[in-house]
Amino acid sequence: MLISDILRLDKTGIPVKVEGWVRSKRDSKETVFLSINDGTCIEGIQVVFEKGKMNSAEDLLKQVHTGCAVTVTGNLTASPGGRQHIEVQGSSLVIEGTADPESYPLQKKRHSLEFLREIAHLRSRTNTIQAVMRVRNELSMAIHTFFQERGFYYIHTPVITGVDAEGAGAMFQVTTLDMSNPLRDEAGEIDYRGDFFGQKAYLSVTGQLEAEVYALAMKNVYTFGPTFRAENSNTSRHLAEFWMVEPEMAFCDINGNMDVAEAFLKYTFERVLSRCHEDMAFFDQFIQKGILSAMEQVVHKEFTRMSYTEAIHHLKKAGGTFSYDAEWGLDLQSEHEKYLTEQIVQGPVIVTDYPKDIKAFYMKQNADGETVRAMDVLVPRLGEIIGGSEREERIDVLGARMKELGLRQEDYWWYMDLRRYGSVRHSGFGLGFERLIQYVTGMQNIRDVIPFPRCVKTVGF
Ligand code: ATP
Ligand code: MN
């Protein structure tokens with residue numbers, strides 16, 4: 001039985017079988033207490049062995065240490081101890097796998113998250129990482145449920161792409177060429193006709209452009225998959241491989257887009273609050289004080305919406321408190337995003353209508369000729385969590401913008417076709433899944449909310 005199921009039983013006096021890993025062992029003269037965890041809940045279960053009552057128990061119990069895998073059978077009883085309401089009176093014990101106490105790196109004391117990152121193959125056995133992964137699991141399901149209940153189709157966009165989704169971020173190249181001796185053309189340049197795809201190929205930085213193909217045919221779709229950016233920055237909010245949720249909706253303008261983004265975020269928050277209460281209480285106590293009530297408040301308050309121009313106005317009023325000045329035309333720095341969410345709004349804020357020059361070519365231009373219908377959702381502690389926009393559906397306007405930016409329409413011929421045949425207003429956004437987990441759990445570093453983080457100089461174990 002799973003330990004989470006055992007702890008939910010409201011009967012005692014029944015036989016149970018516990019399978020898990022020993023977190024700690026406490027030895028007294030007549031009894032041995034084992035705390036066993038199987039990753040299904042924070043608490044784990046306490047097993048009590050009375051030394052005299054088991055056959056050859058003492059020798060066996062001596063070999064049990066933190067980290068061992070064990071199978072225990074026994075009787076579920078009310079616990080006289082303070083911490084737990086039930087425990088198991090152990091009657092048999094099998095040591096499935098031993099763990100040498102001299103070398104097993106996880107001992108009962110608290111380890112730093114930095115240290116745990118160095119043992120990614122064992123940090124999965126800690127309370128913090130397990131709580132994160134349970135919340136991550138719940139959020140994944142919440143994402144699917146939200147969209148599925150609203151008639152969105154889950155579309156799998158490709159991981160390998162030949163398209164440069166201009167501006168989204170630096171790309172990783174995919175090649176089977178012999179890097180020490182690639183084929184070269186007359187000019188000495190690498191000849192990609194000899195490469196696997198016959199052209200340059202990359203790992204995808206976004207599934208948006210392909211999602212548009214399906215939105216402009218099936219109305220509402222979403223992608224949810226891994227995304228790759230060669231971010232050469234060492235921040236606590238950027239990974240080289242992260243998961244992104246990207247809905248795309250036809251017949252939807254920027255206001256509809258914001259409504260969906262807000263409802264979507266609130267749905268995922270509520271779902272975690274109602275289904276991961278124990279884990280959230282853990283984060284509240286050990287990771288980010290007050291996060292439980294903060295999240296509850298967010299669910300019940302309307303998100304503030306303001307234009308980029310208004311945001312700049314607020315930031316300028318704040319004066320010289322920033323290391324980068326806020327100036328109309330420049331992108332918001334994360335310190336600006338924090339200031340807006342933490343000082344001005346005290347909650348999430350949706351900033352709209354950014355200058356076109358700091359946003360991607362496909363965003364719909366406003367009549368002012370200077371701004372585009374972009375919408376970023378910013379949250380306290382993190383800054384940007386969602387980036388989205390209404391897309392430019394007018395072929396002439398899109399074409400002109402691409403020309404200004406030096407993009408070749410031939411390279412995007414299929415994207416132009418979507419505007420040539422049955423074009424209609426449409427919108428979508430991208431949510432960084434790990435940023436969502438960070439926001440909900442209060443975890444400070446994005447490397448601690450994904451099972452195996454990939455970032456600059458870090459791949460593998
Ligand atoms: P930022 O300015 O924070 O680097 P961005 O503007 O480059 O983000 P978008 O291209 O708008 O990001 O991507 C959509 C969302 O994907 C972002 O709002 C963010 O939540 C997430 N995201 C972007 N880059 C990363 C990354 N390197 N690691 C994790 N999440 C990311
Ligand atoms: Mn963005």
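This is a short tour of one predicted model, moving from its sheet to the helices that pack on that sheet and then to selected salt bridges.

**The sheet**

Begin by selecting the eight strands of the open sheet, whose order is S6-S10-S11-S16-S15-S14-S13-S12 and whose pairing is mixed. At the edges you will find strand S6 (153-154) and strand S12 (304-307), each of which pairs on one side only. Next, select S13 and S14, which run antiparallel and are joined by six bridges. For a single point at which to look along this pair, pick Tyr354, whose bridge partner in S14 is Val372.

**Two helices on the sheet**

Now add helix H5 (residues 208-218), which packs on the sheet and touches S6, strand S10 (220-228), strand S11 (241-250) and strand S16 (426-432). If you turn the view to compare directions, that of H5 makes about 30° with that of S11. Then show H13, which also packs on the sheet, where its contacts are S10, S11, S14, strand S15 (383-390) and S16. The direction of H13 makes about 60° with that of S16.

**Salt bridges**

With the sheet still in view, turn to the side chains, among which the count of salt bridges comes to 26. Select Lys359 and Asp376 first, whose side chains meet in a salt bridge at 3.1 Å, N to O. Lys359 lies in the loop between strand S13 (349-355) and strand S14 (371-379), while Asp376 is in strand S14, so the pair ties together parts that are 17 residues apart in sequence. Lys359 is buried, with a relative accessible area of 17%, and Asp376 is buried as well, at 3%.

A further stop is the network in which salt bridges with shared partners join Asp259, Glu262, Lys266 and Arg305, and it is worth selecting these four residues together.

Which residue meets the side chain of Arg117 in a salt bridge? Select Asp448, and you will see the two side chains meet at 2.8 Å, N to O. Arg117 belongs to helix H3 (residues 113-117) and Asp448 to the segment after helix H13 (433-441), so this pair ties together parts that are 331 residues apart in sequence. Is Asp448 buried or exposed? At 1% relative accessibility, Asp448 counts as buried, whereas Arg117 is partly exposed, with a relative accessible area of 24%.

Finish at Lys17 and Glu19, whose side chains form a salt bridge at 4.0 Å, N to O. Here Lys17 is partly exposed, with a relative accessible area of 41%, and Glu19 is likewise partly exposed, at 39% relative accessibility.

Notes. Residues are numbered from 1 along each chain as its sequence is written. Chains are lettered from A and ligands numbered from 1 in the order in which they are written. This is a predicted model: local features need pLDDT of at least 70, side-chain atom pairs count only at pLDDT 80 or more; totals for chains, interfaces and linings use all residues. Side-chain values use heavy atoms; hydrogens and water are left out. Buried means under 20% relative accessible area, exposed over 50%, partly exposed in between (1.4 Å probe, protein chains only). Helices (H or I, at least four residues) and strands (E, at least two) are DSSP runs, numbered from the N terminus. Two strands pair if DSSP finds at least two bridges between them. Contact means heavy atoms within 4.5 Å. Axes are lines fitted to C-alpha atoms, for helices over the stretch in contact, and angles run from 0 to 180 degrees between N-to-C directions.
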